[in-house]
Each structure stands twice: as structure tokens, then as C-alpha cells.
Amino acid sequence: MKRTTQEIPAALIARQREYCDEIRALSSHLPSPPLACVDTYGCQQNEADSELLRGMLAQMGYGFTQEAEEADIVILNTCAIREHAEQRVLGNVGALVHTKRRHPGQIICVCGCMAQEEHVANRLRESFRHVDLVFGPHALWRFPELLRRVLTRRGRVFETSRSDGAIAEGLPVRRSGTVKAWVSIMYGCNNFCSYCIVPYVRGRERSRDPEMILQEIRELVEAGYRDITLLGQNVNSYGKDLDCGVDFPDLLEAAAAIPGDFLLRFMTSHPKDAGDKLFDVMARCPKVAPHLHLPFQSGSSRVLAAMNRRYTREEYLSKVDALRQRIPDIVLTSDVIVGFPGETDGEFEETLTLIQQVGYDALFTFIYSPRKGTPAASLPDPRTREEKLANFNRLVAEQDRISEEKHRAYVGTVQRCLVDGRDEKGLTARTPGNRLVRLTGGDESLIGQFVRVKITSSNRWSLTGEPAE
């Protein structure tokens, strides 16, 4: 198999394992293992990256805590998608100065997408002197090496050099649960939507070897995982950098052929690349969940062109129709941005009519947030925050109405749900379409099992049900 992107040589990955052993030896004299606190912001890919960080920390001999006050090392794995998230992270980084004063030996690390932004890295260097280690997504595989440099007192360490990225296989993983798992199938993005910082901080698209992915899924199924999500910034671009004749629908179908009782999910799909081949695989493979997250971002073709999304309103709606012809009960979710620079009231109305026409089960809604370094950040933006917020509230109210109506249709039906955990309200489960079900009756022995659930009530956010057997 040939690839157009770099793969980290196995010898360099092995060297990172040696750094893990060296760090473990540094704390071997302590009466108890040192503790790490990993705080994750943003998308599912960041969650998957944090599982790699925890895997490496475990190899270094660290235990884990959720309390920064108890931790010998605090890691903030950050998100750069919106300004609000950035300010929240910086506020939390600033607050850690107090824990470090109380525990001078504590190591503070900031990593992830924010760390890769030059202006953020410079601010951390100049204004947050208590931060010891800063690195971007490209350097994640070198975390043991970078931490060893900090521990051996070689000063603060910053590794945010620009890179198109590479594939690093063989890193240890410490997963956050035993029922649901993330599997990254590719990294980076080539789309350059005009509002999005991701291609600048995560680099170019690069796909993992399909056999490595399928082997990881086999191991997860054998270990008892029942809900597996394939991750990529645009999974539909999978395989374009590989000369192996495997595209995303091929990979999805091969994964669905793995023996075992489990569900496959995936995100995120870019509408320009989602098509009939993918929809056909979803329709004929019962292990592929009947759920598609297909971000539309705007209902206006003019705004979509300004966003560099490379599809029109009409093309998007045509894809939805093609999918529903194959899977009539498909659960559709999406992302939408309100208040993109230059969006008129008429163009917002086009967005509102699109969500009414499609009838999404749920939406992730955002007010446009300018990202430094993206083309959209320099566009004229005459609308006030108050005007954008008024439209945003209208859209949310309409989607709440649609979601409540969609959920009401489940009442009285029996769904095969995966009981995936417990929260403060009790047992939780998910329908095949990923709708949250609050389970009444049953006990924790059901966690990790598929259970027939009779839906007894609903609201705009979730369903309520009880075991049907």
C-alpha cells in the first residue's frame, strides 16, 4: 500500500515507549503512583486523543484523578472551533496558577487545537508562565519525550511547529468506558471551509491503514464494546491518500462484516462527499446505525458558497431525499451556523425553511464565531450580536418543536436499545438512531446489553422507557 502522507516509523514509536519507562522509573521510589488529570474540550476527536494521552500516562506509571488539586500533572486538551471555548480554556488555565502555588511541583500542560494556533501559543508563553508544556495535535505521539524534557528540568517546552501531520500507529489507549468506543480512521481536513480553523491546526487529510482499523474494531468487539464510532473530520474522504482501492463505504461495509453483536456509527460526513454508495451500504448493513450526522451549516446557496462548502441547498436536499428513499426511518442530525458574515434576514429564513423541510431529529446550533487566520474572519459583518441572537433563538425554538414532535412518535413503540451507562437520573440507553432513552426499571446488570425497551413518554431532549421483557 502506498500513501501520500507520512507514517511515523515503528522505531520512533518504540522510542516513545522507552521514554514512558524512563518516566516511570523517575517516580518508582514514591509511596504511591503520581496522579494525572486530563481535561478534554471540544469534539469526539479530542476525546479520542485524550484516550491516547491517558494510555501513555498509564505506561508512565500515572494513576488518574478528576481533581486538579490532587494531580501531579494537569493536561488541558483544547478546542479552537469557537471563541467562547477558547476563552473558557484560558480562564481555566489561569485558575491553575493557584493549584501550582500550593503544589510547586505540579506540571501544567496545554495541548490540542488551541495550542497549535500561533497567537494562543504566544499568549501562553508570555502571559501564563505557570504552564510548563504546550504542544499541538501533530506532536501528540511525542508526548512522552516532551514530558521527559520537562521532568528533567530543561525549562518550559513548546512544540507547535507547523506540519501537515502524520500517522502514528501503536500508541497505547486507555478508553473512558467499556461499552462505547471511538476509533479514529483518519486525521486532518482538506476542505478549508472559510469559517473553520481545523485544517490549519490539524493538517492535511491522512488515512489509517484499513487493516489496522479493522483489527482495532475486532479487538474492541472481542473485549465487549457494543457501540463503536468511526471518527474523522470528513470520513467520506477516507482513503483518498492511500493507493489501496478502499474508500469509506468499503471500510464501513468491511467493519460491519466483523462477527459480533454491535453497532457502528461514524462522524462527520461532509455533504459534498456523501452519496449513493454510502447510503446503499448503510441500508444493507444492519450493524450500521440508522443515523447520519450531515452538517448543512446554512440553507442559503449564496451563504454556502461564501462558506466554501461546495454544495447548494438543492444538492443537499437531493442527498437527503436519496437517503430517505433507502432508509425511511433514518435519524438525521446536523450542524448550523447562524449569523455568518453578510447573512441577510432572507437568507436566515432559507435556513429556517430547510430545517422545516428536512425535519431533523436534533441540531447543533451555533452563532458564527470568527477564527483568526480564516478567510471569513476578514469579511464585512454588519449584523449586531443582538440581531444574530434573535435569529438564533427563533431557529432553536423551531428545532425544539420539531424534536418534540419527532420524539412523541416513539411513544408506544418498542425499540432495541443499548444500555450504555448511568447518570444522576438513572440508567441511560440509546436507540439505534442514537436517541437518548432514560430507563425506568432494571438495574446496572443491564449496562452493556441490548434490551427491548417500550417507550412510555418523551420530551424535546429524550425518551423515557422501560424494559419490554
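Is Ser298 buried or exposed? With a relative accessible area of 1%, Ser298 is buried (under 20% relative accessible area; exposed is over 50% and partly exposed lies in between, with a 1.4 Å probe and protein chains only). The views below come from a predicted model, in which local features need pLDDT of at least 70 and side-chain atom pairs count only at pLDDT 80 or more, while totals for chains, interfaces and linings use all residues. Residues are numbered from 1 along each chain as its sequence is written, and side-chain values use heavy atoms, with hydrogens and water left out.

**View A. Ser298 sits in the loop between strand 16 (291-293) and helix 11.** Helices (H or I, at least four residues) and strands (E, at least two) are DSSP runs, numbered from the N terminus. Beyond its neighbours within four places in sequence, Ser298 is in contact (heavy atoms within 4.5 Å) with Val303, Leu304, Met307 and Thr351. Its side chain also reaches the backbone nitrogen of Ser300 at 3.1 Å. Look as well for Glu343, 45 residues away along the chain, whose C-alpha is 9.5 Å from that of Ser298.

**View B. Helix 13 (residues 345-358) turns one face inward, with its buried residues lining that face.** Its 14 residues reach 20 Å from first C-alpha to last, close to the 20 Å expected at 1.5 Å a residue (1.5 Å times one less than the number of residues). Glu347, Phe348, Thr351, Leu352, Leu354, Ile355 and Val358 are buried here. Seen down the axis, they fall within an arc of 155°, taken from the directions from the helix axis to the C-beta atoms. Their packing partners are helix 11 (301-306), helix 12 (313-326), strand 17 (331-338), strand 18 (362-367) and helix 14 (385-408). Just past the helix, Gly359 has a positive phi of about 70°.

**View C. Leu230 is one of the residues touching the most other members of the largest nonpolar core.** Such a core joins buried Ala, Val, Leu, Ile, Met, Phe, Trp, Tyr and Cys residues through side-chain atoms within 4.5 Å. This one has 68 residues. Leaving aside neighbours within four places in sequence, the contacts of Leu230 include Ile185, Phe248, Leu252 and Phe266. A second, separate core of 28 residues includes Ile8, Cys111, Phe135 and Leu146.

**View D. Cys43 and Cys79 remain unbonded, as their sulfurs are 6.3 Å apart, too far for a bond.** Zero disulfides are found in the structure (pairs of cysteine sulfur atoms within 2.5 Å). Cys43 is partly exposed at 32% relative accessible area, whereas Cys79 is buried at 9%.

Note on methods:
A polar contact is a pair of N or O atoms within 3.5 Å; within protein, one must be able to donate a hydrogen and the other to accept it, and residues adjacent in sequence count only if both atoms are side-chain atoms.
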